[in-house]
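Let's take a friendly walk through a protein model together. Have a look at the picture first, and then read on.

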Amino acid sequence: SSGINAEWPLRPGIPLTDFMKSLQLCIIDLMHFCLKELKKFIPSLETDTLQIENAVTKNFYWGLKQKLDPVWSTLGDSAKTTLFDIKTLSNLNNNLVRDDAVRFFRNVNRLRPRIAPTKTKVSMWLFTESFEKLLKLAKERVE
């Protein structure tokens, strides 16, 4: 768990329903998971760069990518995948207040891992309780 409570102002000035707050907390937990993974892959990243409070800002991904540009070619596939996962989760967080419930569920559902005999790297956060809860809540919000 990220340690952020439901009262933390994840979207100041934008009223969120209880469902939206719960969905957003799942997204935050998943971002926290990915930030910890990224720190494992790139230990040289400053810890304050990877604070969850920064991760929910609109331009977090681009700022992080810019910091990593000088060493991009030396990063492994796992680090690059994790950075893309952070971008995906950031987009979900932003779309939570923009998309209707059906479109949001569709976008979350598309992320579900498709288990197939391939060598494609699957992001581990897709197998967490937080992702399952996100999927369940997004579906319930539509029903």
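The paragraphs below go from the overall fold to the core, and then out to the surface.

Before we start, keep in mind that this is a predicted model. What is the chain built from, helices or strands? The secondary structure comes to 6 helices and 0 strands, and reading along the sequence gives the pattern α-α-α-α-α-α. The chain has 143 residues, and 40% of them are buried. Its accessible surface comes to about 8,500 Å², with 52% of that belonging to carbon and sulfur atoms. You can also ask how far along the sequence the contacts reach. Taking the contacts between residues at least 6 apart in sequence, 64% join residues that are at least 24 apart.

Now let's step inside. The largest nonpolar core has 36 residues, and Phe104 and Leu134 are the ones with the most contacts inside it. Two or more residues of this core come from each of the elements α1 (18-41), α2 (52-55), α3 (60-68), α4 (77-96), α5 and α6. Which helix gives the largest share? That is α1, with 10 residues.

Leucine 134 is a good place to pause. Setting aside its neighbours within four places in sequence, leucine 134 is in contact with Leu23, Cys26, Ile27, Leu30, Leu92, Phe104 and Val108. One of these partners, cysteine 26, has a relative accessible area of 3%; buried means under 20%, so cysteine 26 counts as buried. Cysteine 34 is buried too, at 2% relative accessibility. With cysteines in view, you may wonder about disulfides. A disulfide is a covalent bond between the sulfur atoms of two cysteines. How many disulfides does a search of the whole structure find? The count is 0.

Cysteine 34 also leads us to two other residues. Threonine 82 lies in helix α4, and this threonine touches Cys34, Glu37, Leu38 and Phe41, not counting residues up to four places away in sequence. Is threonine 82 buried or exposed? Its relative accessible area is 5%, so threonine 82 is buried.

The second residue is tryptophan 125, which lies in the loop between α5 and α6. Although it belongs to a loop, tryptophan 125 is buried, with a relative accessible area of 2%. Leaving aside neighbours within four places in sequence, tryptophan 125 is in contact with Leu30, Phe33, Cys34, Asp85, Leu89, Leu111 and Phe131. Try finding methionine 31 as well: tryptophan 125 and methionine 31 are 94 residues apart in sequence, while their C-alpha atoms are 8.8 Å apart in space.

Let's stay with that loop as we move outward. Methionine 124 lies in the loop between α5 (101-110) and α6 (129-142). Together with Val122 and Phe127, Met124 forms a nonpolar patch on the surface, and the three have about 270 Å² of accessible area together.

Back in helix α4 we find asparagine 91. Asparagine 91 has 38% relative accessibility; this value falls between the 20% limit for buried and the 50% limit for exposed, so asparagine 91 counts as partly exposed. Asparagine 91 and tyrosine 61 are 30 residues apart along the chain, and their C-alpha atoms are separated by 9.6 Å.

Our last stop is the charged side chains. How many salt bridges are there? The count comes to 3 salt bridges. In one, the side chains of lysine 40 and glutamate 37 meet at 3.0 Å, N to O. These two residues both lie in helix α1, 3 residues apart, which is about one turn of the helix. Lysine 40 is exposed, at 59% relative accessibility.

Another salt bridge joins the side chains of lysine 65 and aspartate 69, at 3.1 Å from N to O. Aspartate 69 is partly exposed, with a relative accessible area of 43%.

There is also a salt bridge between lysine 136 and glutamate 140, whose closest N and O atoms are 2.9 Å apart. Lysine 136 and glutamate 140 are 4 residues apart in helix α6, so about one helical turn separates them. Glutamate 140 is partly exposed, with a relative accessible area of 30%.

Key:
Residues numbered from 1 in each chain as written. Predicted model: local features only at pLDDT ≥ 70, side-chain atom pairs only at ≥ 80, totals over all residues. Heavy atoms only, no water. Patch = residues over 30% accessible without salt bridge, like charges linked within 9 Å, V, L, I, M, F, W, Y side chains within 5 Å. Areas by Shrake-Rupley, 256 points an atom, 1.4 Å probe, with all protein chains shown as cover. Salt bridge = Lys/Arg side-chain N within 4 Å of Asp/Glu carboxyl O. Core = buried A, V, L, I, M, F, W, Y, C linked by side-chain atoms within 4.5 Å. Buried < 20%, exposed > 50% of the residue type's maximum accessible area, 1.4 Å probe, protein only. Contact = heavy atoms within 4.5 Å. Disulfide = S-S within 2.5 Å.
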